[in-house]
Amino acid sequence: MAVIAPERPELPERPSRRERWKRRRRGKADQPGKAGKARRPRRRGRPGTGRPGRPKRTPIRRRVLRRLGRLVGHRPVWRKPKPPLRLLPQATKVSAVGLVVVLAPGGTFLGRVVRLLVVVAAALLVLRAQRGGAPRRRARLATAVGLVDVAAGFGIGLPHAGADGLSLRSMAGVILAVVGLPLLLAGILAYARTVRRWLRLPVLVTSAVAGAVLLPPIVSGVAAVNPPPVLLDKLDPGDKGFVYDDVELHTSDGVLLRGWYIPSRNSAAVVLAPDAGMTRSNVLPQAALLAEHGYGVLLYDPRGTGRSEGDAMDLGWTGERDIYAGVKFLAHHYGVRRSKIGVIGLGRGGEAAMAASAHDGRIRAVVAEGVGRRSPGDTLRIPGTPTGWLQRVTENVEYAAAAVLRGSLPPRSLRHDIRAMRPHKLLLVAERGQIRAGQLYRRTAPGTVTLWKLPDIPSLQAYATRIAAWEDQVIGFLQKNLRPRQVPMSS
């Protein structure tokens, strides 16, 4: 009996070795229920050895160039802002509070309320524009807020901190400077990341040049409009042995000025105008010398300094109003003749004296020491060299910033005032740094201007270094033009 063996099931055809290798590389398997696994290719060993070697690495030079390319630039990608700009809302709030504290003093009550409302409204608009804004918009806002903080911090906070110490206003200004400078840099860098790669380097270079050229004059303009207070010294004419009166002057715009008046003994009198940032105590030595020759001398504190009211300004744009008030006082004084009134001004006081003499015919002689440029019209005569062009730009930016903050236009040029002074005379005392400007003003009106050059003397130091020469030049000029009575000198 034959035994029949059971039939064996047919097995699937076994793939070849090459097919199995391909399936392992793809990570797939044809058999159901089994998943292939991707397998890394074997490392090839060095030729002639049986050991596996490391994969071939990219050369260092190519890796360095690739990394530099990624840092310098690539296509702009809209991404979330970097960590510095994430603090932009908090920095804006801190800036708003600091600006309110810094800008609160000075001016009338209505002006303070207006400044407060403007700062709050601007802060709210900036905060609203930051919400959901694109990185480029946020970068611009950060740059603008940082610029305002830097101008207010370095222009108001640091000068007041050096003069007043740690007051509330100076501390707020220092905080603005600390917050504003990093915010300004972060805004510029964030904006550079949003432009195309070939524009990044020009944007950074342009920002650096603009910051170096424009930022210092903007800070100077802010500091000129908001100078720190200057206190009056305890020294008075009585300590010099002269009889004097405490006087009050009322300007045409309602500002009260306080000063001293030494009576005249020769029917002539002089208004002595200090420089910006000075008080009547700083010009007391010159006043004592004039009083010894018999001249009546009126010393006053410029507005906003010493014990005078009003808002101070280092550019001295409103100084001629103070001189008008002084000349009016002397013209109505019983011991002074109207035809024998002169003005001696130092620095900005000299520039204001020149402007006042062009409009007030009672001023017969002016002595101006340390005169420079007062308005954009004076900077047009600076030589057209690269240094001269840079000086024009910086000074005009300073004047523009001061005009915007002050809410008034700059005064007319000094050359215009010198032409309008005829037939009155002007003595210019030009020390180191003012000789070129003095030569320009003398060429403007040769018959009006007398120039005394002191190239080796620092600015406003003619009296302190050359008392005898100052006495000969100034007293001789006043005697020639005012023609006072001859009186013996006081001992």
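Which residues line the largest cavity? I took this as the opening entry of my notebook on a predicted model.

**Entry 1: the cavity**

I found that G370, V371, L428, V429, A430, Q434 and G438 form the lining of the largest cavity. I noted its volume as about 30 Å³. My search for cavities of 30 Å³ or more returned one in the structure. I then asked which element gives the most to this lining. Strand β7, residues 425-430, does so with three residues. Sorted by class, the lining of the largest cavity comprises four nonpolar and three polar residues, with no charged ones.

**Entry 2: the chain as a whole**

I recorded 17 helices and eight strands in the chain. The chain has 491 residues, and 42% of them count as buried. I looked up the contacts in the chain with a separation of 6 or more, and 69% of these join residues 24 or more positions apart. The chain exposes about 28,700 Å², of which carbon and sulfur atoms supply 58%.

**Entry 3: the largest pocket**

I turned next to the largest pocket, which holds about 1,300 Å³ of space. How many residues line the largest pocket? I listed 40, and those nearest its centre are L103, R115, I156, N226 and L405. Helices α4 (88-103), α5 (109-130), α6 (135-164), α8 (197-225) and α13 (386-406) each supply at least two residues of this lining. Among the contributors to the lining of the largest pocket, α6 gives the most, with nine residues. By class, I noted 25 nonpolar, ten polar and five charged residues in the lining of the largest pocket.

**Entry 4: the nonpolar cores**

I looked up the largest nonpolar core and found 38 residues in it. Within this core, I323, M354, L426 and L428 have the most contacts. Helix α10, residues 319-331, provides the largest share of the core, five residues. Apart from this core lies another, of 30 residues, including L232, A287, L427 and V429.

L428 appears both in the lining of the largest cavity and among the core residues with the most contacts. I therefore listed the contacts of L428, which is in contact with M354, A368, V371, G438, Y441, V449, T450, L451 and W452 when neighbours within four places in sequence are left aside, contact being heavy atoms within 4.5 Å.

**Entry 5: V366**

Is V366 buried or exposed? V366 has a relative accessible area of 0%, and it is therefore buried, the cut-off being under 20%. I located V366 in strand β6, residues 363-369. Leaving aside neighbours within four places in sequence, V366 is in contact with V343, A353, M354, S357, M421, K425, L426, L427 and F477. I also checked V366 against G350: the two are 16 residues apart in sequence, and their C-alpha atoms are 8.1 Å apart in space.

**Entry 6: S375**

Where is S375 found? I placed S375 in the loop between β6 and α12 (376-379). S375 counts as buried because its relative accessibility is 1%, under the 20% cut-off. Not counting residues up to four places away in sequence, S375 touches Y399, P410, P411, R412 and S413. I noted as well that S375 and E395 are 20 residues apart along the chain, with 8.5 Å between their C-alpha atoms.

Definitions and conventions:
Residues are numbered from 1 along each chain as its sequence is written. This is a predicted model: local features need pLDDT of at least 70, side-chain atom pairs count only at pLDDT 80 or more; totals for chains, interfaces and linings use all residues. Side-chain values use heavy atoms; hydrogens and water are left out. On a 1 Å grid over the protein atoms alone, a cavity is a set of points where a 1.4 Å probe fits but cannot get out, and a pocket is an open set with protein on both sides within 12 Å along at least five of seven lines; lining residues have an atom within 4 Å of a point. Grid points are joined across faces, edges and corners, and a volume is the space filled by probe spheres set on the points. Helices (H or I, at least four residues) and strands (E, at least two) are DSSP runs, numbered from the N terminus. Ala, Val, Leu, Ile, Met, Phe, Trp, Tyr, Cys and Pro count as nonpolar, Asp, Glu, Lys and Arg as charged, and the others, Gly among them, as polar. A nonpolar core is a set of buried Ala, Val, Leu, Ile, Met, Phe, Trp, Tyr and Cys residues joined through side-chain atoms within 4.5 Å. Buried means under 20% relative accessible area, exposed over 50%, partly exposed in between (1.4 Å probe, protein chains only). Accessible areas come from the Shrake-Rupley method with a 1.4 Å probe; for residues, only the protein chains shown count as cover.
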